Amino acid sequence: MSARFPERKISRRGFARSVAAGGAAAALGCAGLRQGARTRRPNILLIIDDQHSPRALGCTGETPALTPNLDRLAASSVRFTNGYCNSPVCAPTRHTLYTGLYPSEHGVLHNDFPMRDDVPTVIALLNEAGYTTASIGKMHNAPYHHRRDFQYVMHHEFYDTAGGISHYYPFLCRHLAERGIAPKSWSHPRPGKKSWVDAVETIAFNADWIPEDLTAERWITEESLRFIRDQKARRPDTPFFLHASYFPPHHPYGPIPKYARLYDPADMGLPPNFDQTKLNAWWRPGKNGREPLTERDGQYMRAHYFAFCTQLDAEVGRLLDGLEALGEADNTIVIFVSDHGDMIGEHGRFYKGVMYEGAARVPFLVRWPGVGRARQEASLVMHADLAPTILRAAGAAVPSNLPGRDLRPLLEDKGRWTERAIYSEYFAAPASHLMLRRGAFKLFGTAPYGQWPDLEYHLFDVEADPWELEDLAGIPDCSRELNDMKDELLAIWRGQRRFLPAELPPVMPRSQYRIDWPSDPWKPVYPS
């Protein structure tokens, strides 16, 4: 191992064994799916992280990612291997989870776009159905202080984010002061760089000054368990919906050294569809003094990305073990999804915002005690399916205009599910994207905003070609499949287009977000 990366304190194999052994007493195996443990309506725990590649789970075998706790959850869940987001960027897809609608209809077309005022939320419907609703961690609203109808909110978006929009940051500062640790920035550009996004060492870095027990991830876990304990003590007959939302493994990839040491960049292979020319086009060397990225840089970024996944995994395990210890696991539906994926070098890209598998497909796990059996499931599902699934599980009203479907028949595995196509959309300048997945094939088209239907199309057989190495759009033998899918995609698009403005509106300036959250998580914020 190079001097740049410290010597490991524990081997990767030893780490996985130690986590598995430590969780054995609270293992969430198939026994957790037994019928009739309790009769009241189920609690619902939606665990969501940010920018988690669908391949970055140990149980997939597709990457070196160590995720023993998520693998443990997958072993007692239905793991949907073809789960997709409805927009491959944070705020639009999260608001699909909050509303059950596509971004074109709920109005959050991109980050920092406000949601339409006339759109009801899933959370409001759960409130009406008698649930206690809570959000702990990231929501990514515009403005950031908006509660989206959650009754209880402990809010945090990114790393420190001191601008009045974080409950975590005052906690961090208080505990750092008690320990005599001076707060530091997580990501400073080196001299000559305009911002942190212009140098690889600030995109993937070690947050080596912060103790693990003070990380935002640990705070979200502990606050989530504190809420569950409070619910159990004060409202024992009321079910809860808890949205536990973590920032990792979103860039900048900043694992603490404990996890970074598990991954040697020299051991990190690049994906089969890595392309150096595309990497240069994505990175745009020369902008703000950027040097070209090399394959070694790609390995370095992937190593830190996987380490951030492992750090996140540890907190998911802590949360699940806490749920078990509190006696709530047998009556709680657990859903784990990411808001979108990360390209982690695929097609020479990192991050999100495209319709390739790395960004548009997501980890998608559902553990529902007493319903169905643990297994892998290849049927096509999407984020929009979670709204009707959650609402029906809660006995709440389901709006008739939701495009998704209740997943319970599929989870029960009784042959009452018919396959359908799923749709995703993303609106940005200069390029916007529409995507349709039907059967083995995925079609997506790209065009400047408003210049539809003049799309540049790409077609892949993602079952036979999961790394999307061969674009079939220009192959004559595939012309019928291409035209059929184009017709279906544009039919959906025509239904959604009526909701869109002629031009993309300006984003909401983040300077408007400097509104202090009250320390009482039950208390709403009324901006002046």
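Colleague: Is Asp-149 buried, partly exposed or exposed in this structure?
Modeller: The model is a predicted one, and in it Asp-149 lies in the loop between β4 and β5. A residue counts as buried under 20% relative accessible area and as exposed over 50%. The relative accessible area of Asp-149 is 36%, so the residue falls between those limits and is partly exposed.

Colleague: What is the phi of Asp-149?
Modeller: As background, most residues other than glycine have a negative phi. Asp-149 is a residue other than glycine, yet its phi has a positive value, near 75°.

Colleague: Which residue that is not a glycine has a positive phi of about 55°, and is it buried or exposed?
Modeller: The residue has its place in the loop between β4 and β5, where Asp-149 lies as well. Its relative accessibility is 4%, and because anything under 20% counts as buried, it is buried. The residue with the positive phi of about 55° is Arg-148.

Colleague: Which residue of β5 is the bridge partner of Gly-137?
Modeller: Strand β4 (residues 132-137) and strand β5 run parallel and are joined by four bridges. In β5 (residues 152-155), Tyr-152 and Met-154 point one way while Val-153 and His-155 point the other way, and all are buried. The bridge partner of Gly-137 in β5 is His-155.

Colleague: Where in the structure does Pro-249 lie, given that the peptide bond from Pro-248 to Pro-249 is cis?
Modeller: As background, most peptide bonds are trans. The bond from Pro-248 to Pro-249 is cis, with omega near 0°, and a cis peptide bond also joins His-251 and Pro-252, with omega about 0°. Pro-252 is found in the loop between β6 and α9, and Pro-249 likewise lies in the loop between β6 and α9 (257-260).

Colleague: How many residues apart in sequence are the parts that the salt bridge of Arg-55 and Glu-346 ties together?
Modeller: The structure holds 30 salt bridges, and in one of them the closest N and O atoms of Arg-55 and Glu-346 are 2.8 Å apart. Both Arg-55 and Glu-346 are buried. Because Arg-55 lies in the loop between β1 (43-49) and α2 (68-75) and Glu-346 in the loop between β7 (332-338) and α12 (357-360), the parts that the pair ties together are apart in sequence by 291 residues.

Colleague: Which residue of the salt bridge between Glu-328 and Lys-232 is partly exposed?
Modeller: The side chains of Glu-328 and Lys-232 meet at 3.1 Å, N to O. Since Glu-328 lies in the loop between α11 (295-325) and β7 and Lys-232 in helix α8 (residues 216-234), the pair ties together parts that are 96 residues apart in sequence. Glu-328 is buried, with a relative accessible area of 4%, whereas a relative accessible area of 37% makes the partly exposed partner Lys-232.

Colleague: How do the residues that line the second largest cavity divide into nonpolar, polar and charged?
Modeller: The second largest cavity has a volume of about 60 Å³, and its lining includes Leu-46, Phe-150, His-243, Leu-386 and Ile-390. At least two lining residues come from each of α3 (90-99), α5 (122-128), β6 (240-245) and α13 (386-393). The lining divides into nine nonpolar, one polar and no charged.

Colleague: How many of the eight residues of α13 are buried?
Modeller: The helix α13 is mostly covered, and among its buried residues are Leu-386, Pro-388, Ile-390 and Ala-393. Two of these names, Leu-386 and Ile-390, also belong to the lining of the second largest cavity. Of the eight residues of α13, the number buried is seven.

Colleague: Which element supplies the largest share of the lining of the largest pocket?
Modeller: The largest pocket has a volume of about 1,200 Å³ and is lined by 42 residues, of which Trp-282, Arg-349, Lys-352, Gly-353 and Tyr-426 lie nearest its centre. These lining residues divide into 20 nonpolar, 12 polar and 10 charged. At least two come from each of α10 (276-283), β13 (441-447) and β14 (456-461), and the largest share, four residues, comes from α10.

Definitions and conventions: Residues are numbered from 1 along each chain as its sequence is written. This is a predicted model: local features need pLDDT of at least 70, side-chain atom pairs count only at pLDDT 80 or more; totals for chains, interfaces and linings use all residues. Side-chain values use heavy atoms; hydrogens and water are left out. A salt bridge is a side-chain nitrogen of Lys or Arg within 4 Å of a carboxyl oxygen of Asp or Glu. Buried means under 20% relative accessible area, exposed over 50%, partly exposed in between (1.4 Å probe, protein chains only). On a 1 Å grid over the protein atoms alone, a cavity is a set of points where a 1.4 Å probe fits but cannot get out, and a pocket is an open set with protein on both sides within 12 Å along at least five of seven lines; lining residues have an atom within 4 Å of a point. Grid points are joined across faces, edges and corners, and a volume is the space filled by probe spheres set on the points. Ala, Val, Leu, Ile, Met, Phe, Trp, Tyr, Cys and Pro count as nonpolar, Asp, Glu, Lys and Arg as charged, and the others, Gly among them, as polar. Two strands pair if DSSP finds at least two bridges between them.
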